[in-house]
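Hi everyone, thanks for making time this morning. I'd like to walk you through a structure that is probably new to most of you, so let's put it up on the screen.

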Amino acid sequence: MPATAATTAASTARPVTVIGLGPMGQAMVRTFLDRGHEVTVWNRTPSRAEPLVEQGAVLAANVKDALRANELVVLSLTDYDAMYAILDPAADALAGRVVVNLSSDTPEKTREGARWLAGHGATMLTGGVASSPSGIGDTENMNTFYSGPSAAFERHRDTLGVLTRPDYLGEEPGLAALMYQLGMGMFWTSMLSMLQSVALADAHGLKAADILDHARATLGSLESFTAFYAERIDAGNHEGDVDRLAMGVASTEHVLHTMADAGVDTTLPSTVVELFRRGMAAGHAADSFSSLLEVLKADRPAA
Ligand code: NDP
């Protein structure tokens, strides 16, 4: 019988263990199964594995069995503390495993994690998944940052590439976490700003749908502003030729007062105004708002 694309993929696909079956881990397991990988799973709450077992995954009886099943072990957990909670009692089954930790945490936590796993004879790759669960399997548009030993990454690049497009950043384990967290810093703050405006709209009898076009246009415009200011920032140019911080203070105060008048929470707009005022106090009134970067850098501990 001639090999079909599916049977060829299945015969070359490496088996993988996935530990952690929240929305993200479940999406990963489903994608691996769809692409012909044998998948062993384990989760603290075993019932979450049931739909995946129906689709062909194998539920390991315990963590050690899950680790022993495959060289490649993907973790999709809330944080690195969850990794220790799960793997520490099973540490003698870690030797020889390549543990791809796709859980979010700080760069420092990932470095500690890599050292801890190396101490048990395992290799860790850090991953930062820049996709929601629904984007897992979209290898054209979604990416994951990886860092850690290049030999381990190259060995498993094709398997990891089933989930999203892999972007390898280098050997240092914290790099992928750093890239992930700086993206999340922008994501959460931007999405919170959207909720803030929806709260204001709601106070005036408007629904999210009523402001959707305006919200999309405003947030979409950030793409060109980002490129414009990034170039000037790297050139050390905070010239006030396009915008002046003094204008920015007035503008952010108008936002704050509009929120306060509507009776919605003002924590976020107050913080924005406070940062702009600190820039004014530091003498940047005639500079661009990008000069606030100097205010933001000021809390950095001395090197
Ligand atoms: P969840 O927090 O919903 O699920 C996390 C998993 O961690 C569950 O399997 C949970 O087990 C397990 N877990 C948490 N604490 C412990 C513990 N102490 N001991 C044992 N198991 C534990 O996360 P998601 O699935 O949404 O995401 C997984 C990772 O991917 C996170 O780090 C997240 O930041 C990241 N991510 C998520 C995105 C998303 O949109 N969901 C987008 C990009 C990245 P149990 O089922 O028993 O509770």
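The domain assignment splits the protein chain into domain 1, residues 5–173, and domain 2, residues 180–296. Please keep in mind that this is a predicted model. Between the C-alpha centres of domain 1 and domain 2 there are 37 Å.

Now let's turn to the ligand. Where does the ligand sit? You'll find it in the second largest pocket. Two elements each give two or more residues to the shell around the ligand: helix 2 (23–34) and helix 5 (80–87).

And who are the neighbours? There are 21 residues around the ligand, and Asn43, Thr45, Arg48, Leu77 and Ser104 come nearest. By character, the shell has ten nonpolar residues, nine polar ones and two charged ones.

Let's zoom in on some polar contacts. Serine 104 uses a backbone N or O atom, 2.8 Å from an oxygen atom of the ligand. Methionine 24 also offers a backbone N or O atom, here at 3.0 Å from a ligand oxygen. With threonine 78, an N or O atom of the side chain lies 2.9 Å from an oxygen atom of the ligand.

How much of the ligand does the protein bury? Taken alone, the ligand exposes 900 Å², and the protein buries 74% of that.

Thanks for listening, everyone!

Definitions and conventions:
Residues numbered from 1 in each chain as written. Predicted model: local features only at pLDDT ≥ 70, side-chain atom pairs only at ≥ 80, totals over all residues. Heavy atoms only, no water. Near = heavy atom within 4 Å. Polar contact = N/O pair within 3.5 Å; in protein donor to acceptor, adjacent residues only side chain to side chain. Areas by Shrake-Rupley, 256 points an atom, 1.4 Å probe, with all protein chains shown as cover. 1 Å grid on protein atoms, 1.4 Å probe; cavity = no way out; pocket = protein on both sides within 12 Å on 5 of 7 lines; lining within 4 Å. Sits in = over half its atoms within 2 Å of the grid points. Helix = DSSP H or I, 4+ residues; strand = E, 2+ residues; numbered from the N terminus. Nonpolar A, V, L, I, M, F, W, Y, C, P; charged D, E, K, R; others polar. Domains from an automatic or database assignment.
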